[in-house]
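Q: I have a model open and would like to learn how to read its contacts, strands and core. Could we walk through it together?

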Amino acid sequence: MKVTFDGSICGRAGKCVGGLPNVFFVENDNLMIDTSKASEQEIRDCVAQCPSGALKCVDG
Ligand code: SF4
């Protein structure tokens, strides 16, 4: 599973970085995503909290 991010629709609500800071973190103003740092279920649950739909889980 991969997680895609669309910065143009991100509302900066911070549910991602606040929820799973080891997976979602900001570097040089870019959102970085390291899916190796939590279980797939934890990541799916966190992505589901994204209010804008900027984060999406993509299988494969
Ligand atoms: S949870 Fe979604 S809207 Fe909020 S900062 Fe993360 S990507 Fe952006």
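A: Gladly, starting with contacts. Two residues are in contact if their C-beta atoms, placed from the backbone, lie within 7 Å. Here V17 touches F24, F25 and V26, leaving out residues up to four places away in sequence. Before we go on, note that this is a predicted model: local features need pLDDT of at least 70, side-chain atom pairs count only at pLDDT 80 or more, and totals for chains, interfaces and linings use all residues. Residues are numbered from 1 along each chain as its sequence is written.

Q: Where does V17 lie?
A: Helices (H or I, at least four residues) and strands (E, at least two) are DSSP runs, numbered from the N terminus. V17 belongs to helix α1, residues 15–19.

Q: Why does V17 count as partly exposed?
A: A residue is buried if 20 or more other C-beta atoms, placed from the backbone, lie within 10 Å of its own, exposed if 12 or fewer, and partly exposed in between. V17 counts as partly exposed because it has 17 C-beta neighbours inside 10 Å.

Q: What is F24 in contact with?
A: Setting aside neighbours within four places in sequence, F24 contacts C16, V17, L31 and I33. I33 is also the bridge partner of F24 in β3.

Q: How do strands β2 and β3 pair?
A: Two strands pair if DSSP finds at least two bridges between them. β2 (residues 24–27) and β3 (residues 30–33) do so over four bridges, in the antiparallel sense. They form a hairpin with two residues between them.

Q: Which residues in the loop between β2 and β3 have a positive phi?
A: N28, in that loop, has a positive phi of about 50 degrees although it is not a glycine. D29, also placed there, has one of about 70 degrees, and is not a glycine either. N28 counts as exposed because it has 5 C-beta neighbours inside 10 Å; D29 counts as exposed because it has 6.

Q: Which residues make up the largest nonpolar core?
A: A nonpolar core is a set of buried Ala, Val, Leu, Ile, Met, Phe, Trp, Tyr and Cys residues joined through C-beta atoms within 7 Å. The largest one has ten residues: V3, C16, L20, V23, F24, I43, C46, V47, C50 and L55. Helix α2 (residues 40–48) gives the most to this core, with three residues.
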